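Biologist: I am new to this structure and would like a close look at a single part of it, followed outwards from there into the rest of the chain. Please take your time and explain each term as it comes up.

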Amino acid sequence: MATTTAAETEIAFQRMVTVYVVTGLLFLALPGTFLGVWNLVSISGRHSLAGLSQAWLQAHGHAQIFGWIGTFVIGIGYYSLTKMGGLKPVAVSRGWTSWALWTGGVSLRWAANITEFQWRVLLPLSAALQLIAFLIFFATVSRHKSRPAPAKRPAIETWMKLVIAATVAFLLALILNQVETVVLASTGAHPEIPHWLDQRYLFLAAWGFPVLAVWGFNARWLPVFLGIREPSSNGLMAALAASAGGLAAALFGYLQIATLLLLIASILATIALGVFERPQKPAKTLGVSPSFPAFVRGAYVWLLVAAALGVYASQADAHGGIWGASRHALTVGFLSTMVFAIGQRLLPAFCGMRVLFSKGLMWASLTILNLGCLLRVASEIPAYEANLRAAWRILTVSAVTELTAVTLFALNLGITLVLPPPNPTFSKPS
């Protein structure tokens, strides 16, 4: 009976995380990327940001960060953290509750920004639903206990410290989102967060929980996947300290200090992880594209580019082009490349020990994504800052290129999840 119960619980977890993944893919493809392409085509046609609804731009950003990456983080968090302890049965029901509240909150936020229908009610409500969903998740995973309980509590591993910091940053971002939406509903004429406030909030939403979470899970998995040395704990803690200082400076409006500290943090994290050092063992690429290690390393190139452009933007940006290029290098070049690479490596296993449908589609999605990001980052500065006509045309091409990459990524994972798993669903992923 105990074995049957354990197997049924494991299957329930895998079904739940599969729904989280599919939901995240829908947010990525539709309100995230498709709306982003629509916005960029409109901007390119005008050769200016003027006249384009800031609410639409913010809807796109929210769907990308919270609708896609946030949904993945919560779903995988329920699966990977709670399955280590004795919270499985209750965590499944809480996971479904979080999913319903989170999905409803993100959807309401997108709808309110796009349609402006009853937005004074829907914006604060959407923020509240997301915050409650995350608090349920936070309360569940914070009660995690190792099994069996050791006589002496071991020290928290460095990768877990980074994940904990990412979780705190996630919670802080949602609290600020709640405050922002209440104030906006009370005083604003349209569902648009003021630029000065949005600029500061974007640092926390982009450089906060997503980047710290990636560093944490990279510290846990990259030595296995890439065959590299174990990361430097001191180096990663220094990167965390610099990152925290940068985020605090950004929230208080000291953007030059913030961008410099985030550049230092990015350099420290890259060195500490040993991403560009010679591997000690062959990389594990079974079931995925053989180019997997190159794309992971390429993501860290984008991280450094994003951080350097941030420093440049704090000094010289006049029309939003340099800031935009920096954010795109971070969100698409670093975060999306990492999710496309690591996600296609891990998610099939989490969703029932499946095998990725196509290595070729994985390679194509990552290659096209990086090409689109290169076109976008290279053209955004001359387009926005110098109004160069050729650069505006390239921006449109970059949008369609990235949409193609997202479609291939979603298609590959979607087919993988539809096909039956080759192994028993209660097996533990390796």
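Where is the place of Trp-102?

Modeller: Trp-102 is found in helix H3, where helices (DSSP runs of H or I, at least four residues) and strands (runs of E, at least two) are numbered from the N terminus. Before going further, note that this is a predicted model, in which local features need pLDDT of at least 70 and side-chain atom pairs count only at pLDDT 80 or more, while totals for chains, interfaces and linings use all residues. Residues are numbered from 1 along each chain as its sequence is written, and side-chain values use heavy atoms, with hydrogens and water left out.

With a relative accessibility of 0%, Trp-102 counts as buried, a word that means under 20% relative accessible area, against over 50% for exposed and partly exposed in between (1.4 Å probe, protein chains only). From C-alpha to C-alpha, Trp-102 and Ile-74 are 9.4 Å apart in space, although 28 residues separate them in sequence. Trp-102 also belongs to one aromatic cluster, together with Tyr-20, Phe-66, Tyr-78, Phe-134, Phe-137, Phe-138, Phe-170 and Phe-209.

The surroundings of this residue are best read against the whole chain, which has 12 helices and 0 strands. Of its 430 residues, 54% count as buried.

Aromatic contacts recur elsewhere in the chain, with a count of 22 aromatic pairs. Rings of Phe, Tyr and Trp (its six-membered ring) pair if their centres lie within 6.5 Å, with planes under 30 degrees apart called stacked, over 60 edge-to-face and the rest tilted. One of these pairs is formed by Phe-13 and Tyr-79, edge-to-face with 6.3 Å from centre to centre and 70 degrees between the planes. This pair links distant parts of the chain, since Phe-13 lies in helix H1 (residues 2-46) and Tyr-79 in helix H2 (residues 54-82), 66 residues apart. Phe-13 and Tyr-79 are both buried. A further pair joins Tyr-300 and Phe-334, whose ring centres are 5.2 Å apart and whose planes stand at 75 degrees, so it is edge-to-face. Because Tyr-300 lies in helix H9 (residues 292-316) and Phe-334 in helix H10 (residues 321-350), that pair ties together parts 34 residues apart in sequence. Tyr-300 and Phe-334 are buried as well.

Aromatic rings also meet charge, where a charge sits over a ring if NZ of Lys or CZ of Arg is within 6 Å of the ring centre and within 35 degrees of the ring normal. Arg-220 places its charged end over the ring of Trp-159, 5.8 Å from the centre, and Arg-220 also lies over the face of Trp-221, at 4.5 Å from the ring centre.

The same careful reading can be given to empty space. There is 1 cavity of 30 Å³ or more, a cavity being a set of points on a 1 Å grid over the protein atoms alone where a 1.4 Å probe fits but cannot get out, with lining residues having an atom within 4 Å of a point. The largest cavity has a volume of about 150 Å³, the volume being the space filled by probe spheres set on points joined across faces, edges and corners. It is lined by 14 residues, and the closest to its centre are Phe-203, Trp-207, Trp-323, Ser-326 and Arg-327. Two or more lining residues come from each of helix H6 (195-225), helix H8 (255-273), H9 and H10, with H6 giving the most, 5 residues.

Charge pairing appears in 2 salt bridges, each a side-chain nitrogen of Lys or Arg within 4 Å of a carboxyl oxygen of Asp or Glu. In one of them Glu-277 meets Arg-229, with the closest N and O atoms 2.8 Å apart. This bridge links distant parts of the chain, as Glu-277 is in the loop between H8 and H9 and Arg-229 in the loop between H6 and helix H7 (233-251), 48 residues apart. Glu-277 is partly exposed, its relative accessible area being 38%. Arg-376 forms a salt bridge with Glu-380, where the closest N and O atoms are 3.0 Å apart. Arg-376 and Glu-380 are 4 residues apart in helix H11 (residues 359-386), so about one helical turn separates them, and both Arg-376 and Glu-380 are buried.

Technical notes
1 Å grid on protein atoms, 1.4 Å probe; cavity = no way out; pocket = protein on both sides within 12 Å on 5 of 7 lines; lining within 4 Å.
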